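Here is a short note to help you find your way around this one. Take a look at the sequence and the structure first, then read on.

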Amino acid sequence: AEWAREDFANSVREFLENPRRSSAITAGIGQVLDLGAGRWLRLRAELTDLRSKGMFIPWSRFYTHFAVRQGHTHNGQLLGASLGPGSNAQYLEVDLYAPFGRIGGFVERAERDTDTFEERFEDRFDRDQRDIEYTVGVRQTLFLGTLDVAWSASASRRRSRTFIGLDGPGDRGIRETNVSLDVSASYWPGR
């Protein structure tokens, strides 16, 4: 687990009254269970919360600061969670490892830039117009002697990506569906 705060508090009182201002939380847990006969079950879960927690002050957001106008980046790449400021996500995965390889799946929910939605759009649109993406995926790796063959497939549904389509009253955000299929092979000489 990790709790971080973007900036120092102006006073002890300010910290005690609003300890989550400009803060972020990431927590994860993993467990491997030995099922016997060379089989293991791996469970992992993670959540990240980068929202401003109801304080709509631009400099109170995690990854932003009044003294660092472009945000915290390295050569233009955002540092930290790829969700970006004002976002939150939850992730769960399950994998079965066995002598033949691995098979498993995952689910993820990502809500991006909630702070901006609450500041700029919530008074005109219902909460169904938030930028939210749901993803479900399955994967498998087969150990075939010196060759590993792996595939994964996932599908995601996202609405109101970066609030496109919320340009005027009554507009509805765009709904997107994406499907991904990946196949790979690895050669391991000497195995």
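The points below go through the cores, one threonine and a run of paired strands.

1. A word before you start: this is a predicted model, so please read every value here as computed from it.

2. A good place to begin is the largest nonpolar core, which has 7 residues. Its members are Ala24, Leu50, Phe62, Tyr63, Leu83, Ala89 and Ala110. Apart from this core lies another, of 5 residues, including Phe117, Phe121, Phe125 and Phe163.

3. Next, have a look at alanine 89, a member of the largest core. Leaving aside neighbours within four places in sequence, alanine 89 is in contact with Glu46, Leu47, Thr48, Leu83, Arg109 and Ala110.

4. One of those contacts, threonine 48, is found in strand 3, residues 39–49. Is threonine 48 buried or exposed? Its relative accessible area is 8%, and because buried means under 20%, threonine 48 counts as buried. With neighbours within four places in sequence set aside, threonine 48 is in contact with Ile25, Thr26, Ala81, Leu83, Ser87, Asn88 and Ala89.

5. Now move along to strand 8 (residues 131–144) and strand 9 (residues 147–159), which run antiparallel and are joined by 13 bridges. The two form a hairpin with 2 residues between them, and leucine 144 stands opposite leucine 147 in strand 9. In the turn, glycine 145 has a positive phi of about 70°.

6. Strand 9 has a further partner: 13 bridges join it to strand 10 (residues 175–187), and this pair runs antiparallel. Here aspartate 148 stands opposite serine 186 in strand 10.

Conventions. Residues numbered from 1 in each chain as written. Predicted model: local features only at pLDDT ≥ 70, side-chain atom pairs only at ≥ 80, totals over all residues. Heavy atoms only, no water. Core = buried A, V, L, I, M, F, W, Y, C linked by side-chain atoms within 4.5 Å. Buried < 20%, exposed > 50% of the residue type's maximum accessible area, 1.4 Å probe, protein only. Contact = heavy atoms within 4.5 Å. Pairing = 2+ DSSP bridges. Helix = DSSP H or I, 4+ residues; strand = E, 2+ residues; numbered from the N terminus.
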